[in-house]
Amino acid sequence: MIFALVGCLDPENFREFKLVEKRQLSHNVTNFKFALPTPTSALGLPIGQHISCRGQDANGEEVIKPYTPTTLDSDLGRFELVIKMYPQGRMSHHFREMKVGHYMSVKGPKGRFKYKPGQVRAFGMIAGGSGITPMFQVTRAVLENPEDNTKVHLIYANVTYDDILLKDELDSMAKNFPDRFKIYYVLNQPPEIWDDGVGFVSKEMIQTHCPAPAADIQVLRCGPPPMNKAMAAHLDDLGYTKEMQFQF
C-alpha cells in the first residue's frame, strides 16, 4: 500500500493526530493545526482529495464528516483545517470542544478528483461557503508548481463579507499571480461599498468570469447542495458538457 510508505493516512483505518494549535479567525471560523508523526512527515493526500474526521456530537453519538485541509503535502510535519462552526452542527460541537493536546481520528484519502499538472489549460471554479477548501487546495498546488501553467478563474459566493473564508490568502495569491489566478466574490448581503458580485451566482457571472466551454478546460464546483444543483443547471445551459464539469 503506497500511502503507508509516503504518507501518514490509512484509507481503511482511522489514525490519531494531535491538535497543536487552535486559532480563531472570526466569530465562527477556527484554524486547527495538527501535528504529523515527525517534522518531515507528509500527510499523503493527493491534490483535491479529502479526509474523513471522526468525532462526537453533543449527545455523545459518533459523527464522521469530510474535510479538505488547506495545507499541501509540501507543508511537512503538519496539516491544517479551517472549520466553520455551526450552532447546531454535530461535528462543529466536537471541534468546539477540542483543546490543544487532544487527538483527532482521521481516515483517508477520499475523493474522485485526480490532478496532474497541465491536464487542463484552465480551471473555472464555483465555490460557496466552506466549499472553498478544495478549490483553495487545488489553486495552491497549481500556483506553487513552477512547471504548471494552468490558469484558475474562481467565483466564490457567500452571504456576508465576514463569511468569506481564507480571504487574505486568496487575495494574496491573486496579487502574486495576476496572470494565472483571478477571483470574483459574490455576496448575498454585500457591504455598502462593494465592487464585486451581488446576489446569487448567475449564468452571466459564469460567462464573464469562467473560461468558455472547451475540451481543455474544467469547471469545478463545491457548495451547499441547492447551489451545486443550480450551478450544474447554469453550466449545462451554457454548453459545458458533463466532461467539463466536476463536483466535489
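Start by selecting Ala 42, which is buried at a relative accessible area of 15%. The structure on screen is a predicted model. Ala 42 sits in the loop between β2 and β3 (50-56). Now add Leu 9 to the selection: the two residues are 33 apart in sequence, and their C-alpha atoms are 9.3 Å apart in space.

**The annotated domain**

Select residues 12-116, the range that UniProt lists, in an unreviewed entry, as "domain: FAD-binding FR-type". Helix makes up 8% of this range and strand 45%. The C-alpha atoms at its two ends are 25 Å apart.

While this range is shown, go to Asn 28, in the loop between β1 (15-26) and β2 (29-35). Is Asn 28 buried or exposed? Its relative accessible area is 15%, so Asn 28 counts as buried. Leaving out residues up to four places away in sequence, Asn 28 touches Ile 83, Lys 84 and Met 85.

Next, select Gly 108 and Pro 109 and look at the bond between them. This peptide bond is cis, with omega about 0 degrees. Pro 109 belongs to strand β6 (residues 103-110). Most peptide bonds are trans.

**The largest pocket**

Select Pro 66, Tyr 67, Val 82, Lys 84, Met 91, Ser 92 and Thr 133, the residues to which the unreviewed UniProt entry gives the feature "binding site". The lining of the largest pocket includes Pro 66, Tyr 67, Val 82, Lys 84, Met 91, Ser 92 and Thr 133.

How much space lies in the largest pocket? The volume is about 590 Å³. The pocket has 27 lining residues, and those nearest its centre are Pro 66, Tyr 67, Ser 130, Thr 133 and Cys 222. To see which elements form the wall, colour β4, β5 (78-84), α2 (90-97), α3 and β12 (245-247), each of which supplies at least two lining residues. β5 gives the most, with four residues. Coloured by class, the lining shows 12 nonpolar, 11 polar and four charged residues.

Two of the annotated residues can be picked out here.

- Pro 66 is in strand β4 (residues 62-67). Beyond its neighbours up to four places away in sequence, Pro 66 touches His 50, Ile 51 and Ser 52.
- Thr 133 is in helix α3 (residues 132-143). With 9% relative accessibility, Thr 133 counts as buried. Apart from neighbours within four places in sequence, Thr 133 contacts Thr 68, Thr 70 and Val 82.

**The cavity**

Turn to the enclosed space. A search of the whole structure finds one cavity of 30 Å³ or more. The largest cavity holds about 40 Å³ of space. To locate the cavity, select its lining: Leu 43, Leu 45, Pro 69, Thr 71, Leu 72, Asp 73, Asp 75, Arg 78 and Phe 79. Which classes of residue are in this lining? There are five nonpolar, one polar and three charged residues.

**The nonpolar cores**

In soluble globular proteins, nonpolar side chains tend to be buried together. For the largest nonpolar core, of 30 residues, select Phe 123, Ile 132, Leu 154, Tyr 156 and Leu 170, which touch the most other members. The elements that each supply at least two residues of this core are β7 (122-128), α3, β8 (151-158), α4 (167-176), β9 (181-187) and β11 (217-222). Which of the elements gives the most to this core? α3 does, with six residues.

Centre the view on Tyr 156 and show its contacts, leaving out residues up to four places away in sequence. Tyr 156 touches Ala 127, Gly 128, Gly 129, Ile 132, Asp 163, Ile 164, Leu 165, Leu 170, Tyr 184, Tyr 185 and Val 186. A second, separate core has 22 residues, including Cys 8, Leu 45, Tyr 67 and Phe 79. Two of these names have come up before: Tyr 67 in the pocket lining and Phe 79 in the cavity lining.

**Last stop: Leu 166**

Finish at Leu 166, in the loop between β8 and α4. The phi of Leu 166 is near 60 degrees, a positive value in a residue other than glycine. Most residues other than glycine have a negative phi. Leu 166 is buried, with a relative accessible area of 9%.

Methods. Residues are numbered from 1 along each chain as its sequence is written. This is a predicted model: local features need pLDDT of at least 70, side-chain atom pairs count only at pLDDT 80 or more; totals for chains, interfaces and linings use all residues. Side-chain values use heavy atoms; hydrogens and water are left out. UniProt positions are given in the numbering used here, feature names are shortened, and annotations may be inferred rather than shown by experiment. On a 1 Å grid over the protein atoms alone, a cavity is a set of points where a 1.4 Å probe fits but cannot get out, and a pocket is an open set with protein on both sides within 12 Å along at least five of seven lines; lining residues have an atom within 4 Å of a point. Contact means heavy atoms within 4.5 Å. Buried means under 20% relative accessible area, exposed over 50%, partly exposed in between (1.4 Å probe, protein chains only). A nonpolar core is a set of buried Ala, Val, Leu, Ile, Met, Phe, Trp, Tyr and Cys residues joined through side-chain atoms within 4.5 Å. Grid points are joined across faces, edges and corners, and a volume is the space filled by probe spheres set on the points. Ala, Val, Leu, Ile, Met, Phe, Trp, Tyr, Cys and Pro count as nonpolar, Asp, Glu, Lys and Arg as charged, and the others, Gly among them, as polar.
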